[in-house]
Amino acid sequence: MPEPYLRSLARLLVRYSLDLKEGERVFLEGPTYAEDLLIELYKEALDAGAFPTFALWPRGQAYAFYTHAKDIHLDRNDDVDFRHIEMA
C-alpha cells in the first residue's frame, strides 16, 4: 500500500504541474526505488484520461553504464530511448 503522500504528490504533479488532459500521452521513467511514486503517477494520469507509459531503471544501471561504456557508447544517442519519448 503506497504512502498517502505519494498519492497526493502524484495528483499535484499530474493535475497541476503537468496539467495532463484527456487524450494526452506522457512517458514516465525513473529508478526502481521510485516505483511506488511511478505507479501513483501512472494511476493519476489514467484518472486524468491521459495515456501513460513508463520505464524503470534497474538499480545500478547508471553505475554499470558509466564504468563499462566505451567511447562508442558515450558518443551515440540511443535510438531506443528516443523512440520511447516519441511514442509518449
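In which helix is Glu40 found? In this predicted model, Glu40 belongs to helix 2, and the description below begins with the helix against which helix 2 is set.

Helix 1 comprises the 14 residues 4-17, which at 1.5 Å a residue should span 20 Å, and the distance of 19 Å between its end C-alpha atoms agrees with this expectation. The buried residues of this helix are Leu6, Ala10 and Val14. Viewed down the axis of helix 1, these buried residues fall within an arc of 55 degrees, so they line one face of the helix. On the other side of helix 1, Pro4, Tyr5 and Tyr16 are exposed, whereas the buried residues pack against helix 2, which covers residues 35-47. Just after helix 1, Asp19 adopts a positive phi of about 50 degrees.

Within helix 2, two residues may be described in turn. Glu40, located in this helix, has a relative accessible area of 5% and is therefore buried, the limit for a buried residue being under 20%. When neighbours within four places in sequence are left aside, the contacts of Glu40 are with Pro2, Leu6, Arg7 and Ala10; of these residues, Leu6 and Ala10 are among the buried residues of helix 1.

Lys43 also lies in helix 2, but with a relative accessibility of 38% this residue counts as partly exposed, because the value falls between the 20% and 50% limits. Although Lys43 and Arg7 are separated by 36 residues in sequence, their C-alpha atoms are 9.2 Å apart in space.

How values were computed: Residues numbered from 1 in each chain as written. Predicted model: local features only at pLDDT ≥ 70, side-chain atom pairs only at ≥ 80, totals over all residues. Heavy atoms only, no water. Helix = DSSP H or I, 4+ residues; strand = E, 2+ residues; numbered from the N terminus. Expected span 1.5 Å × (residues − 1). Buried < 20%, exposed > 50% of the residue type's maximum accessible area, 1.4 Å probe, protein only. Arc of directions from axis to C-beta. Contact = heavy atoms within 4.5 Å.
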